[in-house]
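Grab your viewer and let's work through a few exercises together. Each one sets a task and then walks through the solution.

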Amino acid sequence: MSVIENAKILVIDDTPSIRTFLRISMMDYGATFHEASTAGEGHKLCETEEPDLVILDLGLPDKDGLDLLPDIVGANGSAPKVVVLSVRNDRRTREIAYERGASGYVTKPFIMEDLIETIEHVLR
Amino acid sequence: MSLDVLVCINGHPRSHMVLDAALRKLPETGAKWRVLYVQAPDETVGNARRHERTMRLLQRAEESGAEIVHLEVADSGAAKIDYIQACIDAGEDISHIFVGQVQENGLKMLFKRSTADRLARRFGHHAHVTIVPLEGAVAKPGFWSRVNLGVFTWEHVLAPVVAVAAAFLVAECVRAMLPMIMHRINMHNIALIFLLACVIVSLRYGLLSALVASALSFGVINYFYVVPIGQFNLSTLTDMINISIYLGAALIVSFMGGHVRASVENARLKERRSRALYDIHQLTTGADNKHQVLEILDREVHKLFGMDVAFFMPNSDAQNGSVTFTRYPLNTELDQKDLLALQKCWQQGQTAGFGALLGIGSSWRFEIMETGQGKYGVFGVHIPMRARLDPGFGQLMTSMADHVAATIERVELMNEMTDSRFREEREKLRSMLLSSVSHDLKTPLASIIGSISVLRSLRKAGRITEEQEDTLTETALDEAQRLDSFITNILSMTRIESGEIEFSTSEHDPMDSVRTVLKALRPRLKDRPVKVMGDTAGVRVMMDSMMTTQVLQNIIDNAAKYSPEGAAIDVTLEVSEGYFRYHVRDHGPGIPDDMLDRVFDKYERLNKTDSQVAGTGLGLAIAKSVMRAQDGDVTVANHPEGGAIFTLHFPYDGSERMEAAQ
């Protein structure tokens, strides 16, 4: 079975519909699923839940995802892997995301299979 | 400061020989040089051509890198010597002096040493003095050319007649009164009175009038005061001598007066011109487009010259061959010869037309407008028939043309700068708008594509529950609708802004729109309580009902979006103070104060990049445009008890209601 099974996954995205289908898909894979709609909420969950993987949107209402990245990656001993999920598609943003500790970058819109592939690659 | 070569010239027609000699010498030394142009005050009076030539010579020297020093003094020789002495005293190192020597004829040659000789003798040990012999004497301006005859009008004939008549009256009065005080009046005293009249006329009206006055007064004295009285005959030799002396004195006085007057007029003219130049400079400094500059110049230069003035701007498509010009003012008329002169002026970059060597036969004088950056156009002045050009005219035109060129250059540079800055801003804004719009389009798309792809993979795997299927389908559908409304908003914004949408206002019951909106929004509002208040029975408001309904729907939809599930929305209809208003109040968190005046700004969301809920950005901007197009407005405020209130204002004079009530 997939590495996603039994993984603890946190989604930080302010669009409810995106969280919805991600939840359905991740839970179907057997993952433990947490979600946050703001950077602050996400940061808190990172510390309490210690997820294996964070799926992070960049355009968050309270803070830019790029600025949240270093906080998440250095949050605790078992730092979560981060996959960025954003409409921003420029090379510069991508570079910054990787520089700040992201392990994967998927641009919106995307089909679920592609995201799963990236997540499996990152978690493996 | 060091100076190597000094070239002394004056108005002599062959002065160019001195300059040529210096120029031949220059390449060897590669020296810094200066041209000293000493001009006698009246040297070029009445000889515009020569002045023009000298100016060209100086221009040539300047183009070859010379510094020009222009002195205007009576004794040119002494001035040269003084100037060179001053330079040496100031520590300037003059190694070469070039000076022209005129061949004097006759006795003068024996007694008077030439300036060149004096220079050589005095500065020979300081510098190498090169004396260039010049053929022919400087033709001194004749006496007549010194006197500005000016324009001769009836006033100039009438004035001496009146003056002499007045002198006659005074003389008669004196004669009538003086015998009483035991004094015998004679012809000499009378003559003085007439002489005074001549002086006054000469100072006031110039030489010609003075001459008329002299002749008239001579006649009057001869007829009335010289024996035999009542005849023009002269009986005694003494009288003949006396009256001849009177005539001589009157003539001399007339000439002197005329000359003084001419000098004063010259000085006044110079003063007026320099003041006008200063004014023109001041005025054009403030101008910020070419049209404005030309307008100011046309007006001021016309005032200055008192002649028709025109500017000719080459049309940009033709640089070579026959160039066409845009005329300013547009109604300027040129004949064939004028056009030829204009072309020559443009092509050769030199003064052409009236009084110049190029384009002879034209009644216009054309001066090229040119700066270091290139030629900008041609400046033309229409010289009226019988106009007498003074020597300063050519110089004035050249400096005017230079000034115009410099001003146009400045204005064009400024425009270019503004243009590029504007383009830059616009590009930046456009790319920001594009990225914002692409975010708004892509976010709902991401939900749709994501949901459907999850649906597909779950189906494939054959383990989809009915609940999952419902949720995913709902999500995709919701987002598709959101996308649709966003695209509709963008399109209507574009159409409103480009003026494509036409508003057709007519009288409507404002309650109709509310009903339509509530019906349309029923699925969105679900069981949210919407309270509609206000008595508008009989009220008819001028509005575009379809557009107004759209705006109202947008605002009520927003109220639902930004307030908690189930919170009430209040819609109030109100008539007051010449307005009809819809108030829509939600019970949400309200709008931060610093955002209140920005929510209608189309570009406001640009500052937020991709953090905002899609599809919410343009609705209020559209509402603003629509309301403004109906002479109304939309405003926003926070309710003291919480929640935002959006208000639509329509102008309303109440008459409709009155009629309806009757």
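Before we start: a residue counts as buried if 20 or more other C-beta atoms lie within 10 Å of its own, with C-beta atoms placed from the backbone. Also keep in mind that this is a predicted model.

**Exercise 1. Check the span of α1(A), then find which of its residues are buried.**

Step 1: count the residues; α1(A) has 14. Step 2: at 1.5 Å a residue, the helix should span 20 Å, and its end C-alpha atoms are 20 Å apart, so the two agree. Step 3: apply the burial cut-off. In α1(A), the buried residues are A:Ser17, A:Ile18, A:Arg19, A:Thr20, A:Phe21, A:Leu22, A:Ile24, A:Ser25 and A:Met26. Step 4: look just past the helix, where A:Gly30 follows with a positive phi, near 95°.

**Exercise 2. Work out which residues chain A and chain B bring to their contact.**

Step 1: get the totals, which are 21 residues from chain A and 22 residues from chain B. Step 2: on the chain A side, look for elements that give two or more residues; these are α1 (16–29) and α5 (112–123). Of these, α1(A) gives the most, with 7 residues. Step 3: sort the chain A side by class, and you get 11 nonpolar, 5 polar and 5 charged residues.

**Exercise 3. Locate the largest nonpolar core and pick out its best-connected members.**

Step 1: the largest core has 40 residues, and A:Val54, A:Ile55, A:Leu56 and A:Val84 have the most contacts inside it. Step 2: ask which element gives the most to this core; that's α1(A), with 5 residues. Step 3: zoom in on A:Leu56. Skipping neighbours within four places in sequence, A:Leu56 is in contact with A:Ile12, A:Gly65, A:Leu68, A:Leu69, A:Val82, A:Val84 and A:Leu85. Step 4: don't stop there, as a second, separate core of 37 residues includes B:Ile280, B:Tyr328, B:Trp346 and B:Met397.

**Exercise 4. Lay out the 5-strand sheet of chain B and say what packs on it.**

Step 1: write the order, β7-β6-β10-β9-β8, for an open sheet with antiparallel pairing. Step 2: find the edges. β7 (325–328) and β8 (352–353) each have a single partner strand, so one side of each is left without a neighbour in the sheet. Step 3: inspect one pair; 8 bridges join β9(B) to β10(B), and B:Arg365 stands opposite B:Val381 in β10(B). Step 4: add the helices. Helix α11 (290–305) of chain B touches β6, β7 and β10, at about 145° to β6(B). Helix α12 (336–348) of chain B lies across β6, β7, β8, β9 and β10, running at about 25° to β9(B).

Methods: Residues numbered from 1 in each chain as written. Chains lettered and ligands numbered in written order. Predicted model: local features only at pLDDT ≥ 70, side-chain atom pairs only at ≥ 80, totals over all residues. Contact = placed C-beta atoms within 7 Å. Helix = DSSP H or I, 4+ residues; strand = E, 2+ residues; numbered from the N terminus. Nonpolar A, V, L, I, M, F, W, Y, C, P; charged D, E, K, R; others polar. Core = buried A, V, L, I, M, F, W, Y, C linked by C-beta atoms within 7 Å. Buried ≥ 20, exposed ≤ 12 C-beta atoms within 10 Å, placed from the backbone. Pairing = 2+ DSSP bridges. Axes fitted to C-alpha atoms, helices over the stretch in contact; angles between N-to-C directions. Expected span 1.5 Å × (residues − 1).
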